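Open the model in your viewer and keep a selection command ready. The stops below run from one feature to the next.

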Amino acid sequence: MHFERLANNSAAFIGCLAWIPLSIWILACVNWAITGDIDPATGVVGVFMAVGLGYEAINPPVPQLAPLTVIAVLATVVMFPFVRAAMDKKQLRGIDIDALDRAYQSLAVRPDNVVAKFKIAKVLFDLGMCGHALRIGESLVPTMPQRFFLEELRTVRKWQMMQIEARFFNPITCAECQTSNPPGLLFCQKCGSAFLLDFAKGRIVGKRLGKKLVATWIVLIAFLVGIPAAKALPPGPCIAVVFTMITIAVSMVYFAFRDTTGGVAQ
């Protein structure tokens, strides 16, 4: 009897302890949904799964689920830093996109603004569009006197010494007119749109690493804990719950991992 009471107390303590990381996860999901890092539907499902996991940690429907619940909570603890890092990276890339947008706005006022043009090249390089950044930088070299643009010229030379893979020099398709534009252009050669800005925005939206990680966590919790817990229900509700969870999991995977870049080459 003593050992049974001790085991129950330990299980209750572990269940309460599980709410610490789960509470952090719930608050993070709400914050990510508000800031647009994940869509509201994913945020709601993430919160729902975390609450359900927390409830099962304290009141497991069957004793055999306790180890699986502990594993699920540990998976949440392990995955959280990776999701947080992905969200932070997206926010930093968003800052780069804003800088790119402002540089294009400066060009709209002064088309011969060399500083704004080089700013575009530098931001593109930071965003991973190395080939296009290099070609733009090289085209600006004759217009940048060394006494005024020493740092910029050094940057271009540094880029030239890097071994940039050929794939980074692939043409980029304009989102407005579908024209293929080679590296070195700031505006579409056919319609004149800021195709590099549009492409950069598409890359940031398309990757959605944070959303993919959240969707992976949701699927993990559903199959590791949710579906086994549903077996404790009567046959009818059990089938309904399992079907709902599988549908949600498949939907999360589809919408998180589907290609949203429109097949643009880079």
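Which residue forms a salt bridge with Arg-135? Select Arg-135 and show side chains around it: the partner is Glu-138, and the closest N and O atoms of the pair are 3.0 Å apart. Bear in mind throughout that this is a predicted model.

**Helix H5**

Glu-138 and Arg-135 both sit in helix H5, three residues apart, which puts about one helical turn between them. An α-helix has 3.6 residues a turn, so residues three or four places apart point the same way. Glu-138 is partly exposed at a relative accessible area of 28%, and Arg-135 is partly exposed at 33%.

Now select the whole of H5, residues 130–140. Eight of its 11 residues are buried, so the helix is largely enclosed by the rest of the structure. To see them, pick Cys-130, Gly-131, His-132, Ala-133, Leu-134, Ile-136, Gly-137 and Leu-140.

**The whole chain**

Zoom out and colour by secondary structure. The protein chain has nine helices and two strands. Along the sequence the order is α-α-α-α-α-α-β-β-α-α-α. Of the 266 residues, 38% count as buried.

**Other salt bridges**

How many salt bridges does a search of the whole structure find? There are four, among them the Glu-138 and Arg-135 pair already visited. Side chains of opposite charge can pair when their charged atoms come close.

Go next to Asp-126 and Lys-122, whose side chains meet in a salt bridge with an N to O distance of 3.9 Å. The cut-off for a salt bridge is 4 Å. Both residues belong to helix H4 (residues 114–126), and because they are four residues apart, about one helical turn separates them. Asp-126 has a relative accessible area of 44% and is partly exposed; Lys-122, at 38%, is also partly exposed.

Then select Glu-165 and Arg-167, another salt bridge, with the closest N and O atoms 2.8 Å apart. Glu-165 is partly exposed at 44% relative accessibility, and Arg-167 is partly exposed with a relative accessible area of 44%.

**Two loops**

Select Ala-166, in the loop between helix H6 (150–161) and strand S1 (172–173). Is Ala-166 buried or exposed? Its relative accessible area is 62%, so Ala-166 counts as exposed. Draw a C-alpha to C-alpha distance from Ala-166 to Gly-131: the separation is 7.9 Å, although their positions lie 35 residues apart in sequence numbering. Gly-131 is one of the buried residues of H5.

Move along to Gln-178, in the loop between S1 and strand S2 (180–181). Check the backbone here: phi is positive, about 65 degrees, although Gln-178 is not a glycine. Most residues other than glycine have a negative phi. Gln-178 is exposed, with a relative accessible area of 57%.

**Helix H1**

Select residues 2–35, which make up helix H1. Where is Cys-29? Cys-29 lies in H1, and at 0% relative accessibility it counts as buried. The C-alpha of Cys-29 is 9.7 Å from that of Ala-50, a residue 21 places away along the chain.

Ile-20 also lies in H1. Show the surface around Ile-20: together with Leu-17 and Ile-24, Ile-20 makes a nonpolar surface patch of about 270 Å².

**The largest pocket**

For the last stop, display the largest pocket, which holds about 360 Å³ of space. Of the 21 residues that line it, those closest to the centre are Phe-48, Glu-56, Gly-226, Val-241 and Met-245. Select these five to place the view.

Which helices each supply at least two residues of the lining? They are H2 (40–58), H8 (209–230) and H9 (235–257). H8 gives the most, with seven residues. By residue class, the lining divides into 16 nonpolar, four polar and one charged. Colour the lining by class to see this split around the central residues, which include Phe-48 and Met-245.

Note on methods:
Residues numbered from 1 in each chain as written. Predicted model: local features only at pLDDT ≥ 70, side-chain atom pairs only at ≥ 80, totals over all residues. Heavy atoms only, no water. 1 Å grid on protein atoms, 1.4 Å probe; cavity = no way out; pocket = protein on both sides within 12 Å on 5 of 7 lines; lining within 4 Å. Points joined across faces, edges and corners; volume = space filled by probe spheres on them. Nonpolar A, V, L, I, M, F, W, Y, C, P; charged D, E, K, R; others polar. Patch = residues over 30% accessible without salt bridge, like charges linked within 9 Å, V, L, I, M, F, W, Y side chains within 5 Å. Areas by Shrake-Rupley, 256 points an atom, 1.4 Å probe, with all protein chains shown as cover. Buried < 20%, exposed > 50% of the residue type's maximum accessible area, 1.4 Å probe, protein only.
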